[in-house]
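Q: I'm new to this one and would like a close look at a single part of it. Could you walk me through it slowly?

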Amino acid sequence: MEFSFFTAGKIVLKQGVIKELDQYVCNFGTNFLIVVDSFFTNSPILESIKTQLESNGKKTVFYSGIQGEPTVEQVDEVTDIAIKNGCDCVISIGGGSCIDVGKAVAALITNGTPALDYMEVVGKGKKITEMPVPFVACPTTAGTGSEATKNAVLGSRVLNFKRSMRSDTMIANVALLDPELTRECPKSVTAFSGIDALTHLIEAYTTWRATPISDGLALSGIALSGKYLQRAFDDGNDMEAREGMCAASLLGGMAFANSGLGAVHGIAMAVGIAYHVPHGESCGIMLPHIMKINADVAQERMDIIGETLKGKRYNKPGDGAKAAVNFIFELNNYMGIKPDYKHLNIDPDDIPILAKASFGTSMSSNPKQLSTEEWIAFFETVM
C-alpha cells in the first residue's frame, strides 16, 4: 500500500469565525488582495474584514468582478492588479469560482502569467516552481470543496475549454469555514452545490484510486449529506444543516483531492462547457446514472454508500446500491434537478463529440472503464 495525502495547512469550521479572520491571517503579509463574491461587496461582513485587517496595520485591495465560472483571462487580470498593488497574501471569500481565482492568483504572483501556460492538457506544460504567496479560503457555498484542493479549475471563453491548473503548493494555508456565510444561499445554489459535494464524496469513495484516508473522509461526508442536504434546501436558516453541509463539502474536497473523481465529472464537464449547464447541476443529473453503471464492478462499496445515506442495513447484496441510486434520483427530483439531459435537446450528431470530450483524468479514475463506443451508446439513453 502506498499513498500520499495533502490538505489545507489549517482548517477551522466555526460559526462566526469570519469575524475572527485577523487572528489567522495577519502573520501572512502586509498587503492583502481580497477576492470576494459580488454578493458580499456591500455587506457588513466585508466591512468587518477590512476593519480587522486595517486595525492591524494591513493594506487591502478588493476584487469583486467574478461572474460565473472563472477564466484564465480573468485570472491574468486579477494577478496584474495584485502585482501592481504589491499584494503578498490572497484571501478568497466566495464560492468555488472565487476560491479558484484566488488560488491561481496566489501562485501566479510569484510564478508569472499567463495562466494558460500552466493549464493541464491545453497549456504549455509550465510548472509552478516558486512557492505561491499565502492563500486563505473562506467558502460561502457548501459544495466545491475547493478550500481543500490543490487545483484551480479555469476555462476560457476565447479558446472554449475548462481544465485545471494544479500544484501541491496551491493548497490553502488556512481554510476558514463559517456556516453563517452560507445562510443566504438561494435554493438553487444550495441544491447544485450540495449535490456537487455529494458527487465528490461518492466518486472519491468508489474510484480505484481511493485510499484508507479518503475512504474515511468520504463516508463521513456521505452520512452528513444524506442527513442534511435536503434540510439545508428546505430551510436556509437551519444552521445545523448548513454546518453539516459545510463539513460535508470540506470532507469531499479533502477526499477527492487525494483520490480523484470519476465519470460523473468527466461527462458533466463536457456537457457543461458545450451547453452552459451549471457544474453542480450537470453533476447531479449524471450522478445516479453513473452509480448504476459502477455498481457492476463496485457493488460492495455502492452497498455501503446506500446504507450510509439511508442509515440502515441491507441483508441482500446489491440492495444497498439500488437504495443509493434511488436516494439520489428522489433527492434530485425534490430539489428540481432533472433526471437526464434530454431537456437540453442535444443534437444527436454532438453525442460522439461529447463522449470524446468526456475523457480525461476523472474518466480514467472511474471504477468501470468503458470504450468510447460504449459511452456513446450510454449517452444516447440520457441525452
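How many of the 21 residues of helix 7 are buried?

A: Happy to. Keep in mind that this is a predicted model. In helix 7, 19 of the 21 residues are buried, so the helix is mostly covered, because a residue counts as buried when its relative accessible area is under 20%.

Helix 7 covers residues 239–259. You can check its length with a bit of arithmetic: at 1.5 Å a residue it should span 30 Å, and its end C-alpha atoms are indeed 30 Å apart, which agrees. Just past the helix sits glycine 260, with a positive phi of about 90 degrees.

Now look at glutamate 240, which forms a salt bridge with arginine 231. Their closest N and O atoms are 3.7 Å apart. Side chains of opposite charge can pair when their charged atoms come close. Glutamate 240 has a relative accessible area of 42%, so it counts as partly exposed. Arginine 231 is partly exposed too, because its relative accessibility is 30%.

For contrast, try the pair arginine 313 and glutamate 307, whose closest N and O atoms are 3.4 Å apart in another salt bridge. Here arginine 313 is exposed, at 70% relative accessible area, whereas glutamate 307 is buried, at 18%. Back at the earlier pair, salt bridges with shared partners join Arg231, Asp238 and Glu240 into one network. A search of the whole structure turns up 13 salt bridges.

One of these joins lysine 103 and aspartate 100, at 3.8 Å from N to O. Both residues lie in helix 4 (residues 96–111), three residues apart, or about one turn of the helix. Lysine 103 and aspartate 100 are both buried.

Helix 4 also leads us to the sheet, since it lies across strand 2, strand 4 (89–94) and strand 5, running at about 170 degrees to strand 4. The sheet itself is open, with six strands in the order 1-8-5-4-2-3 and parallel pairing. At its edges are strand 1 (10–13) and strand 3 (59–63), each pairing on one side only. From one strand to the next, the twist averages 15 degrees.

Further in, strand 5 (residues 135–139) and strand 8 (residues 174–177) run parallel and are joined by two bridges. Alanine 137 stands opposite alanine 175 in strand 8. Finally, helix 3 (residues 72–84) lies across strand 2 (31–36) and strand 3, at about 160 degrees to strand 3.

Notes
Residues numbered from 1 in each chain as written. Predicted model: local features only at pLDDT ≥ 70, side-chain atom pairs only at ≥ 80, totals over all residues. Heavy atoms only, no water. Salt bridge = Lys/Arg side-chain N within 4 Å of Asp/Glu carboxyl O. Helix = DSSP H or I, 4+ residues; strand = E, 2+ residues; numbered from the N terminus. Buried < 20%, exposed > 50% of the residue type's maximum accessible area, 1.4 Å probe, protein only. Expected span 1.5 Å × (residues − 1). Pairing = 2+ DSSP bridges. Axes fitted to C-alpha atoms, helices over the stretch in contact; angles between N-to-C directions. Contact = heavy atoms within 4.5 Å.
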